[in-house]
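Biologist: I am new to this structure and should be grateful for a close look at a single part of it. Please take the aromatic residues as the starting point.

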Amino acid sequence: YISDNNVSVLCYHRVADVPLDTWKINVRKELFEQHLKYYKENYTVLRSETEWTLKNNSRGVVLTFDDGYEDAYTNILPLLEKYEIPATFFICVGNLNTDKEFWWDELERIIFYANKNKKNIEAFGENIPIRSYEEKEKACYRIHPILKSMDYKERDKWLIDACFQLGCEKKRSSCHSLSYNQLKELAKSEFVTIGGHTITHSCLANESYEKQKWEIEESKKEIENIIGKEIEVFSYPFGQRDDFTEETVEIAKSVGY
């Protein structure tokens, strides 16, 4: 999105050292700390919920983190507080306080950690090879948009069936979401703003009015119940122009965003 107000909104997801990063959403801790130093020296770091005003034609950035991975609390928060830099965390509530992985991480785990005797995955009428790293990565990117377009219940069922088909390994602790207590502690920081990001991280443009309202309104209520204060900002899952509609925007406004 191009803007003429000299403010860039930076969309992060994870800061961690992980063995797999198929979706390219992870930044190593050492590199992220360099990012923060650079922003501190070269930009005015603004909060998402305040007026974005700059002095003397300076440049501004707004730091955001989508989804609500556990490393928001363990890795990101300490660095924000060290450099006194504000950021917003948009929380997807469906996996909070559980050992569940986000559905794209489940797909990655199923494909990459399949039983070594499995050379293909039967998916949506195709027999997709998964023999090498490159083939596994291609398989993930082939299947991801199909899962994105599905209802979350159908998607969850497909993932369960695929895991059974390939004999994949158990869920990874490195892909956990925040616990309730971690989210509470995160929200207490003077440098943190909490926002909403739906329940199931589905593409809102594909959902009915009722389903969108449930995703947006109920996730807001749950976050507010956990942290004990109102939230005012929201991030549309996936964030591209075709991932939400004018109806989605109106729903978000109607529930208090």
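Which residues form one aromatic cluster?

Modeller: The model is a predicted one, in which local features need pLDDT of at least 70 and side-chain atom pairs count only at pLDDT 80 or more, while totals for chains, interfaces and linings use all residues. Residues are numbered from 1 along each chain as its sequence is written, and side-chain values use heavy atoms, without hydrogens and water.

The cluster is made up of Tyr69, Phe102, Trp103, Trp104 and Phe238. In total, the structure holds 18 aromatic pairs (ring centres within 6.5 Å, with the six-membered ring used for Trp). In one pair, Phe102 and Trp104, the ring centres are 4.8 Å apart and the planes stand at 0 degrees, so this pair is stacked (planes under 30 degrees apart). Both partners are buried, that is, under 20% relative accessible area with a 1.4 Å probe and protein chains only. Phe102 has a value of 2%, and Trp104 one of 6%.

Tyr69, another member of the cluster, also has a charged neighbour. Arg14 lies over the face of Tyr69, at 4.3 Å from the ring centre; for arginine, this requires CZ within 6 Å of the centre and within 35 degrees of the ring normal. A further arrangement of this kind involves Arg59, which lies over the face of Tyr43 at 4.4 Å from the ring centre.

Arg14 leads on to the cavity. The structure holds 1 cavity of 30 Å³ or more, a cavity being a set of points on a 1 Å grid over the protein atoms alone where a 1.4 Å probe fits but cannot get out. The largest cavity has about 110 Å³ of space, a volume being the space filled by probe spheres set on the points. Its lining comprises 14 residues (those with an atom within 4 Å of a point), and Arg14, Val18, Leu20, Asp105 and Glu108 lie nearest its centre. By class, the lining of the largest cavity has 6 nonpolar, 3 polar and 5 charged residues, with Asp, Glu, Lys and Arg counted as charged.

The backbone offers one further detail. Asn97 is in the loop between β6 (87-91) and α3 (103-112), where helices are DSSP runs of at least four residues and strands of at least two. The phi of Asn97 is near 65 degrees, a positive value in a residue other than glycine. Asn97 is partly exposed (between 20% and 50%), with a relative accessible area of 42%.

Terms used: 1 Å grid on protein atoms, 1.4 Å probe; cavity = no way out; pocket = protein on both sides within 12 Å on 5 of 7 lines; lining within 4 Å. Phe/Tyr/Trp six-rings, centres within 6.5 Å; stacked < 30°, edge-to-face > 60°.
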